[in-house]
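Let's take a friendly walk through this model together. Keep the structure open beside you as you read.

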Amino acid sequence: MGAVLESRARLAAVDADAAGASEGRGMNIRFKIMSTLLAAIRADLRRPHAFAHERVGFIAAGLAAAHDELLILARDYRPVRDEDYLRDQSVGAMISAEAIRGARQWAMNERVAIFHVHMHGGRGVPGFSGVDNRENARFVPNFVSVAPHAVHGAIVLSDTAAFGQVWLDRKSPQPFITRFAEVGMPIRNWRAA
Amino acid sequence: MTRLDRQSFLGADSNAILETATIGIVGLGGGGSHVAQQAAHMGIGGYVNADPDVIEETNTNRLIGGTLADVAVSMPKVSIAERLIRGLHSKARIISVQVDWRDAADDLKRCDVIIGAVDGFKEREQLERFARRHLIPYIDIGMDVHDLGKKGFLVSGQVILSMPGAPCMRCCGFITDERLEQEANRYGAAGSRPQVVWSNGVLASTAVGLLTQVLTPWYQNPPKFVFLDYDGNKGTMTRNARMELLRDHVCPHHPPDETGDPMFDIRKQSFRPRPAAAPEPARRWWQRIWNRLSGRGET
């Protein structure tokens, strides 16, 4: 099974100042990533591919809990290899089962949370397209199966922000990431859900 | 004109950024109390203040906001800091934890920046490791007084900004195994540590400057790694030579794959809101009378 992603950029009309806890166990979810890593991911995702309309990759993260907050702390990024893209004109990118298998192995071996990441471009808080939502719901639970100690999910980047969703297990609602923090000089925080 | 207008050069959104920021201050004595005061002046909105101690008479030469009346009632240092902050920012979000900072880990994990004003190298290293694990910039301040024999005394100190990914306190040679061993061997026999208000103030002010750069830099590309040496005798704050040497250094001591809580398991987490802080206990009747009779005031 491959993961497919819609190519068109879509910026959801999300109020950047909107507050509120995400669904699922009444928790707030904060995703933190160093600005250098985020810049490297954006640069990688902007690289053209021979036939795919966009690139995708995987972010590994450590997890921490603080009262009612789940902290997702990005560690590393692995791009999907050129040869793991499949030809499919109906979507922006389709990746092979081998690419997903490798990411699942990463989750198991290093006890990390895995987040599928792609980019829509534009400014402001982006949103998932309908295709993104459909495909995320198909393949993210596979990570939950092999590494149930962690949460897993998907993230979409714009040029200035990010938006994401988290699978806590196979049954619970999938909450959205409430807040993002880009740790650099300066620190940038934004609300996304 | 609002009270923060004169710092508007920090950026159009700086007031909002400072208001929504939460900082952790570990150690509310000579250095940390200065930091709390200045952060409140700047309009920083959130605080996690951690210090297990109460004020003693020997603290009053340097603990900003502490009074002799506080000594009489053994006021916790975190309560003095809270009073100080509220005097400038009545609606500040303050979590005062009168325990070892390790017991307040959940509160500190949620901070944007942690400032350490602690005494020992071991504690510094633990704080830095904690901050790195949670991708939190850490700013360390410390001072010491060295006996130079016939030449007098040397007042010195350091301010270090330890950003995730950038060089750490081991990278820059400030924390070494030898220093940790020396400290461990002298444990319990250190005696009184000389401290003075002015050098604490210089170090804390410098740390608040770095804090401001991390939150709202007023110029582009400030350095991610800062190691400044203070010479109190000369009255100078200089860049340590290692600041340049380590400019592009990748820290090997805190690798990225250490982020998060070790052996975290989502299935075992309950995610409960932080319990509301218990109201501060009222001072006992004899404490209030004693303060009034001794002229130390009572409110």
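## Chain A at a glance

In chain A, consider contacts between residues at least 6 apart in sequence: 71% of them join residues at least 24 apart. Keep in mind as you go that this is a predicted model. The secondary structure of chain A consists of three helices and 11 strands, and from the N terminus on the order is β-β-α-β-β-β-β-α-β-α-β-β-β-β.

Of the 193 residues in chain A, 61% are buried. Its accessible surface comes to about 7,400 Å², and carbon and sulfur atoms account for 49% of that.

## A buried alanine and its neighbours

For a closer look inside chain A, go to A:A99, which sits in helix 2 (residues 97-110). A:A99 counts as buried because its relative accessibility is 11%, and the cut-off is under 20%. Beyond its neighbours within four places in sequence, A:A99 is in contact with A:F58, A:V80 and A:D84. A:G57 is 42 residues away from A:A99 along the chain, yet the two C-alpha atoms are separated by 9.3 Å.

A:D84, one of those contacts, also forms a salt bridge with A:R81, with 3.1 Å between the closest N and O atoms. The two partners differ in their surroundings: A:D84 is buried at 8% relative accessibility, whereas A:R81 is partly exposed at 46%.

## Where the two chains meet

How many residues of each chain are in contact across the interface? On one side are 32 residues of chain A, and on the other 41 residues of chain B. Together the two chains bury about 3,100 Å², with 61% of it on carbon and sulfur atoms. Three residues, A:H67, A:R75 and A:M185, supply 26% of the area that chain A buries against chain B, more than any other three residues.

Polar pairing is part of the picture too. Across the interface there are 16 residue pairs in polar contact, both residues of each pair being at pLDDT 80 or more. On the chain A side, the elements that give two or more residues are strand 2 (28-34), strand 3 (56-66) and strand 4 (69-79). Strand 4 of chain A provides the largest share, six residues.

## Salt bridges

Side chains of opposite charge can pair when their charged atoms come close. Over all chains the count is 27 salt bridges, and two salt bridges link chain A to chain B. In one bridge between the chains, the side chains of A:D68 and B:R110 meet at 3.2 Å, N to O.

Another pair to find is B:E244 and B:R247, whose closest N and O atoms are 2.5 Å apart. B:E244 is partly exposed at 39% relative accessibility, while B:R247 is exposed at 59%. Shared partners also join A:R30, A:D68, A:E69 and B:R110 into one salt-bridge network.

## A histidine at the interface

B:H134 lies in the loop between helix 6 (121-133) and strand 5 (138-147) of chain B. Is B:H134 buried or exposed? With a relative accessibility of 2%, it counts as buried. Leaving out residues up to four places away in sequence, B:H134 touches A:K32, A:A64, A:L71 and A:L73 from chain A, along with B:K109 and B:D261 from chain B. With B:D261 there is also a polar contact between the side chains, at 3.0 Å.

## Inside and on the surface of chain B

Helix 4 (residues 77-86) of chain B is largely enclosed by the rest of the structure, because seven of its 10 residues are buried. The buried ones are B:K77, B:V78, B:S79, B:I80, B:A81, B:L84 and B:I85. Their cover includes helix 2 (30-42), strand 2 (46-50), helix 3 (68-72) and strand 3 (93-97) of chain B. In the same helix, B:R86 and B:E82 are four residues apart and so are separated by about one helical turn; their side chains form a salt bridge at 3.6 Å, N to O. Both are partly exposed, B:R86 at 30% and B:E82 at 22%.

On the surface, B:F9, B:W218 and B:Y219 make a nonpolar patch of about 340 Å². B:W218 is in the loop between helix 8 (197-215) and strand 7 (225-231) of chain B, and at 37% relative accessibility it is partly exposed.

Technical notes: Residues are numbered from 1 along each chain as its sequence is written. Chains are lettered from A and ligands numbered from 1 in the order in which they are written. This is a predicted model: local features need pLDDT of at least 70, side-chain atom pairs count only at pLDDT 80 or more; totals for chains, interfaces and linings use all residues. Side-chain values use heavy atoms; hydrogens and water are left out. Buried means under 20% relative accessible area, exposed over 50%, partly exposed in between (1.4 Å probe, protein chains only). A polar contact is a pair of N or O atoms within 3.5 Å; within protein, one must be able to donate a hydrogen and the other to accept it, and residues adjacent in sequence count only if both atoms are side-chain atoms. Contact means heavy atoms within 4.5 Å. Patches are made of residues with over 30% relative accessible area and no salt bridge: like charges are joined within 9 Å, nonpolar side chains (Val, Leu, Ile, Met, Phe, Trp, Tyr) within 5 Å. Accessible areas come from the Shrake-Rupley method with a 1.4 Å probe; for residues, only the protein chains shown count as cover. A salt bridge is a side-chain nitrogen of Lys or Arg within 4 Å of a carboxyl oxygen of Asp or Glu. Buried area is the accessible area (1.4 Å probe) that two parts lose on being put together, summed over both.
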